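Visitor: Please take one part of this protein and go through it closely. I would like the pairing of strands and one loop residue beside them.

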Amino acid sequence: MTTGSDFFDALRRLRQQARTLPQLDDEILQEFIRASEPFPLSDAAPELEQRGLAYYCVPANQVSNGDFESNLTDWTEALAAGCTGSSAQSNAEAKKVFGSLGSCKLILTGSTGATAFAIRREQVIVAAPAEIWNFECWAKATALSNARVTMSFEFRKADETVLANYEVVVTTATGAWTRGVLENKTAPALTAKVLLRLNIEALGAGATGTVYYDLVRAEKEGAAVVSARGTRILCGEWKAS
């Protein structure tokens with residue numbers, strides 16, 4: 001059985017050798033695939049501080065393609081009645097680490113009245129009752145008139161009945177990346193899914209805007225990963241995240 005001690009010894013040896021970060025990440029990945037027997041997180045956790053390694057446990061991201069590096073795969077576009085606009089993957093703006101470039105660009109070109117979801121990209125995520133969820137995104141508006149930038153989500157039953165909904169206004173201004181957060185939201189009884197939305201909200205007629213979204217995350221308690229300078233490994237089952 002592979003132990004936390006064995007694996008972190010291997011990580012330390014790799015780190016001590018002269019390698020570029022991409023090479024190091026790949027070798028760490030190959031090492032845990034080779035030693036793929038499961039071990040409990042409790043076995044690995046004491047090693048983190050004792051060995052002085054830059055590895056730590058963080059929640060697993062339940063959003064698919066939240067960094068928009070795979071075009072807009074797994075994100076569906078929707079446009080409200082009376083509104084015009086479009087969306088696309090863009091490399092013009094990005095809130096990124098390690099040189100990745102993609103983001104989701106929403107463009108609202110007009111509206112006939114106020115509507116919360118004028119132009120949006122949305123994703124469905126599997127969920128269950130009593131789970132505790134946290135959501136995060138980064139957004140940057142380069143143009144905004146009579147509109148604002150929001151992130152919202154709904155807990156839904158299997159038949160699409162909305163059980164609860166939440167929204168955060170990420171920004172009403174242009175020019176800077178801004179973080180939006182919704183935290184500690186408990187899924188009600190009968191929850192089967194989450195509908196997550198990235199929105200430009202029209203505040204009235206004639207609303208327009210251009211917004212970039214990046215680094216979108218949805219986290220639930222009980223799904224942790226080990227993070228190693230950008231390399232992410234699921235704790236407990238040794239699967240790539």
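Guide: What follows covers the open sheet, then one of its strand pairs, then a loop residue, and last the whole chain. The model is predicted. The open sheet has five strands in the order E2-E5-E10-E7-E8, and their pairing is antiparallel. Its edges are strand E2, residues 76-79, and strand E8, residues 162-171, each of which pairs on one side only. From one strand to the next, the twist averages 20°. In general, the strands of a sheet pair through backbone hydrogen bonds, in either a parallel or an antiparallel manner.

Within this sheet, strand E5 (residues 115-126) and strand E10 (residues 193-202) run antiparallel and are joined by nine bridges. One position can be picked out: Gln123 has Leu196 in E10 as its bridge partner.

The loop between strand E4 (103-111) and E5 holds Thr112. Thr112 counts as exposed because its relative accessibility is 65%, and exposed means over 50%. Leaving aside residues up to four places away in sequence, Thr112 touches Gly82 and Ala205. Ala207 lies 95 residues from Thr112 in sequence, yet the C-alpha to C-alpha separation of Thr112 and Ala207 is 8.1 Å.

As for the setting, the protein has three helices and 13 strands. Of its 241 residues, 44% are buried. Among contacts between residues at least 6 apart in sequence, 77% join residues at least 24 apart. The exposed area of the protein is about 11,300 Å², with 49% of it supplied by carbon and sulfur atoms.

Terms used:
Residues numbered from 1 in each chain as written. Predicted model: local features only at pLDDT ≥ 70, side-chain atom pairs only at ≥ 80, totals over all residues. Heavy atoms only, no water. Pairing = 2+ DSSP bridges. Helix = DSSP H or I, 4+ residues; strand = E, 2+ residues; numbered from the N terminus. Axes fitted to C-alpha atoms, helices over the stretch in contact; angles between N-to-C directions. Buried < 20%, exposed > 50% of the residue type's maximum accessible area, 1.4 Å probe, protein only. Contact = heavy atoms within 4.5 Å. Areas by Shrake-Rupley, 256 points an atom, 1.4 Å probe, with all protein chains shown as cover.
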